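Welcome, and thank you for taking a look with me. Here are some notes to read beside the sequence and the 3D view.

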Amino acid sequence: MATATLSPADTEKLSKLTSAVAGLTQISENEKSGFINLVTRYLSGEAQHIEWGKIQTPTDEVVVPYDNLAALSEDPAETKKLLDKLVVLKLNGGLGTTMGCTGPKSVIEVRNGLTFLDLIVKQIESLNSKYGCSVPLLLMNSFNTHDDTQKIIEKYANSNIEIHTFNQSQYPRLVVEDFLPLPCKGNAGKDGWYPPGHGDVFPALMNSGKLDALLSKGKEYVFVANSDNLGALVDLKILNHLINNKNEYCMEVTPKTLADVKGGTLISYEGKVQLLEIAQVPDEHVNEFKSIEKFKIFNTNNLWVNLNAIKRLVQADALKMEIIPNPKEVDGVKVLQLETAAGAAIKFFDHAIGVNVPRSRFLPVKATSDLLLVQSDLYTLTDDGYVVRNPARSNPSNPSIELGPEFKKVANFLARFKSIPSIVELDSLKVSGDVWFGSGITLKGKVTITAKSAKLEIPDGTVIADKDME
């Protein structure tokens, strides 16, 4: 990967920016140098050019089918040995704003009054109790979620689980017009800053001191996942495989459906496995990228990474992931935030692999339509905090659900359903307009419900099968 030299104009831009950033007292020296590093890489345009003809489909050695993983020993002492090497890390930097909630997204109630965080704690607690081990939970917060999270985790003080939190970096947003930090423009509030994507997890883990503390306790692997993915459970078959095969990095991928066509995929490229994101794809190949014939898998963002390898690569400043420019607007000012993704780090680790896992390991809740799925009879909740799919549904894929803007916020969504309908036999649901659901409703097949002008109330106990309702 050739590093382009900076033009004189860019060199001057960078020099002015560096001086301005040096005066920002709100962030640490590590954050300042990390930010300047990122901007320098961005300006030098060192982005890797993907030659489409060189892309190869990974073999089963590189993306291992889940069923090919070795069976686990029945001996609980062996299981304990594995778990003693593990740390679970949840990405907890996101707010629930898109779903109309304040505070961290992980405190949205998912089911039976339990939040994402409650379920995560229950799952790890049950592992710790069952095997007599001590798997710690790490939460990577952003400056947006840190204070709230600290208060929330107090309720787990008596739990059988060690919870550690650390913050991902805080970088200044860049004003597009003059390439200076927004906080220098008198915007001293939170709007002046941004967290630079989850690719930051590796340096943030190291800079916080957590990485060395975990290594000193004999921990070897971290399982990283989004806090809103209810399917991201500790899987000992994957951990066992990585330890036995000395794989420093593993990305869980799962077969694409038409709903996932934009998701990043794993490719073999010049002898290495790497993540290919839609943003890297030349325009003339975008349709090919979206096809589920050629690129059959996508990244779930469930990642397993060796802690010693993270330390080695962060210290060598070797994790130069593709930069994702994210343009935004703050109070009418055009700004730029530069981000990286943790999945793109795969190519820097030795013996990195993908594991092609069952779809059940990818159950993200990004919108109220996902909440409808997980709160319905399509799933049940076990005492251990696991959300398990109802075997009564024969179709392996979930129904597609489209709810209108009236349902976008969690509070409105909950108000509009007296109880969540039965959807075990549903194929698709589309709801538009001012629709209100009674209790004990059953939806089957393909259902479209439209409130044209007036309010539409669906009576208790109604069964709607393959019907358009207006």
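Is Leu363 buried or exposed? Please keep in mind, as you look, that this is a predicted model.

1. **Leu363 in its loop.** The residue to find is in the loop that runs between strand E18 (353-356) and helix H11 (368-375). Leu363 is buried, because its relative accessibility is 9% and the cut-off for buried is under 20%. For a sense of distance, try Leu403 as a second landmark: Leu363 and Leu403 are 40 residues apart in sequence, and their C-alpha atoms are 18 Å apart in space.

2. **Strand E15 and its neighbours.** Next, please turn to strand E15, residues 297-306, where ten of ten residues are buried. Strand E12 (residues 249-255) pairs with E15 in the antiparallel sense, over seven bridges. Within that pairing, Asn299 in E15 is the bridge partner of Val253. Strand E11 (residues 221-226) also pairs with E15 in the antiparallel sense, here over four bridges. Trp304 in E15 stands opposite Phe223, a residue worth remembering for point 4. As background, side chains in a regular strand alternate between the two faces of the sheet.

3. **Helix H8 and its two ends.** Helix H8 covers residues 236-245, and seven of its ten residues are buried. Those buried residues are Leu236, Ile238, Leu239, Asn240, His241, Leu242 and Ile243. To read such a list, it helps to know that an α-helix has 3.6 residues a turn, so residues three or four places apart point the same way. At the N-terminal end of H8, Asp235 acts as a cap, with a side-chain oxygen 3.0 Å from the backbone nitrogen of Lys237. Just after the helix, Lys246 takes a positive phi of about 55°.

4. **The largest cavity.** How many cavities of 30 Å³ or more does the structure hold? There are two, and the largest has a volume of about 70 Å³. Its lining is made of Val88, Lys90, Ile120, Gln123, Ile124, Leu127, Phe223, Ala232, Leu233, Val234 and Tyr386. Strand E2 (86-92) and helix H4 (116-131) are the elements that give two or more residues to this lining. H4 supplies the largest share, four residues. By type, the lining residues of the largest cavity are nine nonpolar, one polar and one charged. Phe223, met in point 2 opposite Trp304, is one of the lining residues here.

5. **The second largest cavity.** About 60 Å³ of space lies in this one. Phe116, Leu119, Ser227, Asn229 and Leu230 are among its lining residues. The lining also includes Lys90, Ile120, Gln123, Ala232 and Leu233, which you can look up in the lining of the largest cavity too. H4 again gives the most, with four residues. Six nonpolar, three polar and one charged residue make up the lining of the second largest cavity.

6. **Cysteines.** How many disulfides does a search of the whole structure find? The search finds zero. Two cysteines are still worth a visit. Cys133 has a relative accessible area of 8%, so Cys133 is buried. Cys101 has a relative accessible area of 19% and therefore also counts as buried, since the cut-off is under 20%.

Terms used. Residues numbered from 1 in each chain as written. Predicted model: local features only at pLDDT ≥ 70, side-chain atom pairs only at ≥ 80, totals over all residues. Heavy atoms only, no water. 1 Å grid on protein atoms, 1.4 Å probe; cavity = no way out; pocket = protein on both sides within 12 Å on 5 of 7 lines; lining within 4 Å. Points joined across faces, edges and corners; volume = space filled by probe spheres on them. Nonpolar A, V, L, I, M, F, W, Y, C, P; charged D, E, K, R; others polar. Disulfide = S-S within 2.5 Å. Buried < 20%, exposed > 50% of the residue type's maximum accessible area, 1.4 Å probe, protein only. Polar contact = N/O pair within 3.5 Å; in protein donor to acceptor, adjacent residues only side chain to side chain. Pairing = 2+ DSSP bridges.
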